[in-house]
Every structure is written in structure tokens, then in C-alpha cells.
Amino acid sequence: MMLRTGYANMPHPEKAQTGGEDSWFITEGLIGVADGVGGMTKLGIDSKMFSHNLCEFAELGIQSRLMTNPERIARYAFSKVSVNGASTLLIVNGEDSSKIEYYNIGDSQLGIYRDRKGWIHVSKEQEHDFNQPYQLGRMDKFTADRPEVGIAETIDTNIGDVLILASDGLWDNVYKNHIQNIVAQEIRGGTYDEGDLALKLANNAWYNASRNDDTPFSDRATVHGYSLPGGKPDDITVLVATII
């Protein structure tokens, strides 16, 4: 069994020249996304390199060390990164069509969609406080989270289930019920392209990020006592995978 995966990436408008701080990897059975923490730039740190290295070493663990457990892959990748920086990390193993295993630390999320049923699972975010996600990190005089505080889960799945794996650039700007509606409409009829669906979701997030309409981000801000109307301009990375 394997995953048929497509992706879309749109860096923050102010980071277009450098490509933003999101990174991702795609193999036949395992996929992942890492969202470099942009706030590190205030300390002279480029978190793009940190998130990129996390994904590189994750792939190395999968391909050369034959690792398949997402948490083990995350621990291995983190142990190998030597540059300073910080990043969230989400890794999914879809090698077994009857279940998926995932590891997540931070505010990227995984949604599992089943045709005619909708979401059968959406992973939880991990935040220390509003807009302060858990994050793997290395830096002198900087305290970040360790891999062991991440969440590892196993979810029963079926062939044909669709995985939406994305950095918070999607989930902050598009409500989950709207993401579900887009997925349902796109896969109707059984013939669709994962890359096209990923791009459609990313475009929705990009559009909402620049407007003043209510968004999941503005809703959470209100709950925490902040007035931040509209969306949140951010790097947006979306991976769409079908279990086949």
C-alpha cells in the first residue's frame, strides 16, 4: 500500500524571494511538513534551514535506515539537525491501508476525510499560548520543546480516505467545515488530482489571509482577548494524499 500525494506551497508575501520557512517531504508511504518559526529572525536565525534539515533527515531515516514509526523518525531527524532554529513537525505513515500513524508537535494539523462521511479525524494543535506553538528547536540560550512532548496517534482508515496535511497557514485561514466542503466537491465522481486539490485549498487560505472576514485565527484571538480581525498572512503548505 502507498499514498498518492500532491502538494502546494505559497510562502508569506514578504518571504517570497527566500521561499518562506515551511518545508516538506513526500515518499511513497510517509509524508511530512515542518513549519519553521519565523520569530527566530529577530534573533538573527534562519528557521528555513532548520525546518529544511528536519525534513531532509526524516527522509534519510526513512530511506537509509528503513524507519517507519513517525515518532522515531522525528526523534532521529531532530538528533541530526545541527543548525540553530525552531520548527513544528508533522509526520504521517500511510503504509498500511487499514490505519495511519502520525506524530505531531506544534500547530500543523492532519485531517482525514472519508467520502460521504466527512472528517473522521482532525489532529489537535499544541500551543503554549495564543500563537505560540510547541516547537522543536536548537539555539544557545533558547529553550524549545523536546520530541517527547509531541502527540503520537494511530487512526483506523480505509482505502480511498483522503489525508490533508498542512501547516497552520491553511488551518488558521480556512474553517474546517469549508475545507471539508472543498474536498468533498473535488473528489466527487472519483477522479481528481491531489496536487490540484492541494492548490485549491492553498488558494483559499491565501485569499482569506488578506481579508477582514472572520477566520479561525481571528476567532481564537478573540477568545484570548485580542482584536485581530481577518486572516493571518503566513507560509502555506498543503499536502493532499489518497490512501490507495
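**A helix across a sheet and the core around it**

Helix α5 (residues 194–209) lies across β1, β12 and β13, running at about 30° to β1, where contact means heavy atoms within 4.5 Å, helices (H or I, at least four residues) and strands (E, at least two) are DSSP runs numbered from the N terminus, and angles run from 0 to 180 degrees between N-to-C directions of axes fitted to C-alpha atoms, for helices over the stretch in contact. The model is predicted, so that local features need pLDDT of at least 70 and side-chain atom pairs count only at pLDDT 80 or more, while totals for chains, interfaces and linings use all residues. Residues are numbered from 1 along each chain as its sequence is written, and side-chain values use heavy atoms, with hydrogens and water left out.

The strands crossed by α5 belong to an open, antiparallel sheet of five strands, ordered β1-β13-β12-β6-β7, in which two strands pair if DSSP finds at least two bridges between them. At its edges stand β1 (3–10) and β7 (118–122), each paired on one side only. Within the sheet, β12 (residues 162–166) and β13 (residues 236–243) are joined in the antiparallel sense over five bridges, and L163 stands opposite A241 in β13.

The largest nonpolar core (buried Ala, Val, Leu, Ile, Met, Phe, Trp, Tyr and Cys residues joined through side-chain atoms within 4.5 Å, buried being under 20% relative accessible area with a 1.4 Å probe, protein chains only) holds 24 residues, of which I164, L170, L201 and V238 touch the most other members. At least two residues of this core come from each of β1, β12, α3 (168–171), α4 (176–187), α5 and β13. Leaving aside residues up to four places away in sequence, the contacts of I164 include W119, L170, V183, L201 and V238.

How values were computed. Buried < 20%, exposed > 50% of the residue type's maximum accessible area, 1.4 Å probe, protein only.
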